[in-house]
Amino acid sequence: MDLICASYRRKRQSKRLTLLLCVFAIVLLSWLTWKAFCPSVFAVANTEPSGVVRAEALITPGPDHIDTRATSEPNLVLTWKITKGDTLSAIFKNYEISQSVLYQILSADEQILALDVISPGHLLTFTLDQKTRDLLSMELLIHPGKRVIYKRADNGSFDYDEITIPGEWEKELLNADIVGSFYASAQGSGLTEQETGNITALFRDHIQFARDIRSGDRFEVIRSRQFIDGKFTGQSCIEGVRIFRGKRIYSAFLWDDGNYYDLEGKNLARAFRRYPMAGYHKVTSHFSPARLHPITRRIEPHNGVDFAMPSGTPILSTGDGVVTRVCNHPFAGKYVELQHGSHFATRYLHLSRTLVKRGQTVKRGERIALSGNTGRSTGPHLHFELHVNGSPVNPLTAKIPMGSAVPGEKLVDFNRRVGELVAMMEEPSRKIALHREDSDSSGRVISKSL
Ligand SMILES: [Zn+2]
């Protein structure tokens, strides 16, 4: 019986050994085949440069990458996670993609200028032809709700495609009794620096935060945050604010037009200027989703409006705001970007001189630059853009904050929205009152709720 068992065991072991050898041979063969077809992947992984640029090469071969005889050869996909100090030029160099290709991509990016603000955490995904190593496309993932894809077009240059996913916006309440400054209390409640800045900007004509707000005053903020597949994208929006200062209540509620209004429907923002300069200047090129570019001769969007003007003409901010960019782009030239509250932004391109610094606050009508002819330009002019909620709109026809009230026919809808937001603000307050004694030593009470 033992002998039969021993012989059976030997046979089984020998079968197992053969099977293991076969599996090992298949794995080795596959790996060698793959390595033979993807030598550059290994080169990238091994030539990670020292210093400021750090590569995180994630290799994503196509689904049929092993059987290359049966299917067309897969493309090479490389992903780079941006870290501090990275430059596009260094990243392209690291992947052995020529600087002329980088310039072609920057040319496509001129209309959106998304690559000028790459920052740590953004992902760049390169798709290269396996054989020729030609760049077929590059994707910039800004956050899960926004990415830009630069794709090689038939004529060899690149087109861009901006993809935004609306996702789910979830509302939450942040409130606190003010202890010390409004700024510190707002941050303590979970509001970001930018959100706090947006709130103080909203009430700038009504409250001097440093002087008027005292300990014991309180605020309530309804914030909505964007989620995609349950993951926070980093995008948020202030829907409503109430500030209780002594016996007065200051309020601001966001309406569909991107403006904030008080409880009676009066606009909180100061009126915008339509034009970023004094006097009349001829429009030489209008805002257009498809325009024949005067230099590249390609049909591409023109996300702004061009005004002919001699170099050196003073350029004025169209609204109160904060300087978010002062850049020099090979095609957009010297340019300035301003953020006006949380929904409006403006850009001024091809300048000869910029007169502001990043982070600086500017007033409506303030001189921010002198016009010029820098970058890719056919002559002295200003290219002016207006963005609403991150998308360019026609600055000559868009609805801009006019300092007016919610139109009469919309008041019923506006009041309904305000009623919903106020109910959200008030309902958790009652719950807070019950556990107020449990608040921390600073007396700060924080509530977050959907
Ligand atoms: Zn233009």
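Trainee: Okay, accessible areas come from the Shrake-Rupley method with a 1.4 Å probe. What does the accessible surface of the protein chain come to here?

Mentor: About 23800 Å², and 55% of that belongs to carbon and sulfur atoms. Keep in mind that this is a predicted model.

Trainee: And how much of the chain counts as buried?

Mentor: The protein chain has 450 residues, and 43% of them count as buried.

Trainee: How many helices and strands am I looking at?

Mentor: Eight helices and 23 strands. If you look at contacts with a separation of 6 or more, 63% of them involve residues 24 or more positions apart.

Trainee: Let's go to the metal. Which residues are the protein donors of the zinc ion?

Mentor: H302 gives its NE2 atom, D306 appears twice with OD atoms, and H383 gives ND1. These donors lie 2.1 to 2.7 Å from the zinc ion.

Trainee: What spacing do the donors follow along the chain?

Mentor: The spacing is H-x3-D-x76-H. D306 lies in strand β15 (residues 305-308) and H383 in strand β22, so this pair ties together parts that are 77 residues apart in sequence.

Trainee: Is the zinc site regular or irregular?

Mentor: Irregular: the angles among the four donor atoms run from 53 to 148°. To count as tetrahedral, four donors would need all angles between 85 and 135 degrees.

Trainee: Are D306 and H383 buried or exposed?

Mentor: D306 is buried, with a relative accessible area of 7%. H383 is buried too, at 4% relative accessibility.

Trainee: What else does D306 touch?

Mentor: Leaving aside neighbours within four places in sequence, its contacts include K282, V283, T284, S285 and R291, along with H381, L382 and H383. On top of that, the side chains of D306 and H302 are joined by a polar contact of 3.2 Å.

Trainee: New topic: H329. Where is that one found?

Mentor: In strand β17, which covers residues 321-329. H329 counts as buried, at 2% relative accessibility.

Trainee: What's its side chain doing with F331?

Mentor: A polar atom of the H329 side chain lies 3.0 Å from the backbone nitrogen of F331. Beyond four places in sequence, H329 is in contact with L106, E110, L113, D116, Y335 and G375.

Trainee: L106 is part of helix α4, right? Which residues of α4 are buried?

Mentor: Yes, L106 is one of them. In α4 (residues 99-109), the buried ones are V101, L102, I105, L106, S107, A108 and D109.

Trainee: And what do those buried residues pack against?

Mentor: They pack against α3 (88-94), β4 (135-143), β5, β6 and β17.

Trainee: What about the loop between β5 and β6? Which residue should I look at there?

Mentor: Try A153, which is found in the loop between β5 (146-152) and β6 (158-164). A153 counts as buried, at 18% relative accessibility, where the cut-off for buried is under 20%.

Trainee: What does A153 touch?

Mentor: F158, D159 and R298, not counting residues up to four places away in sequence. For S137, the C-alpha to C-alpha distance from A153 is 9.5 Å, and the two are 16 residues apart in sequence.

Trainee: Why is strand β2 called largely enclosed?

Mentor: Five of its six residues (76-81) are buried, so the rest of the structure largely encloses β2.

Trainee: Which strand is β2 joined to, and is the pair parallel or antiparallel?

Mentor: Six bridges join β2 to strand β3 (residues 123-128), and the two run antiparallel. As a landmark, find T79 and look opposite: that's T125 in β3.

Trainee: Last thing: what's up with phi at D229 and N389?

Mentor: Phi of D229 is near 50°, a positive value in a residue other than glycine. Phi of N389 is also near 50°. Those values catch the eye because most residues other than glycine have a negative phi.

Trainee: Where do D229 and N389 lie?

Mentor: D229 is in the loop between β8 (218-228) and β9 (231-245), and N389 is in the loop between β22 (381-388) and β23 (391-393).

Trainee: Is D229 buried or exposed?

Mentor: D229 is exposed, with a relative accessible area of 80%.

Terms used
Residues are numbered from 1 along each chain as its sequence is written. This is a predicted model: local features need pLDDT of at least 70, side-chain atom pairs count only at pLDDT 80 or more; totals for chains, interfaces and linings use all residues. Side-chain values use heavy atoms; hydrogens and water are left out. Helices (H or I, at least four residues) and strands (E, at least two) are DSSP runs, numbered from the N terminus. Buried means under 20% relative accessible area, exposed over 50%, partly exposed in between (1.4 Å probe, protein chains only). Contact means heavy atoms within 4.5 Å. Donors are N, O and S atoms within 2.8 Å of the metal (3.2 Å for Na, K and Ca); water is not among the atoms, so sites may look incomplete. Four donors count as tetrahedral if all angles lie between 85 and 135 degrees; four count as square planar and six as octahedral if opposite donors are over 155 degrees apart and all others between 65 and 115; anything else is irregular. A polar contact is a pair of N or O atoms within 3.5 Å; within protein, one must be able to donate a hydrogen and the other to accept it, and residues adjacent in sequence count only if both atoms are side-chain atoms. Two strands pair if DSSP finds at least two bridges between them.
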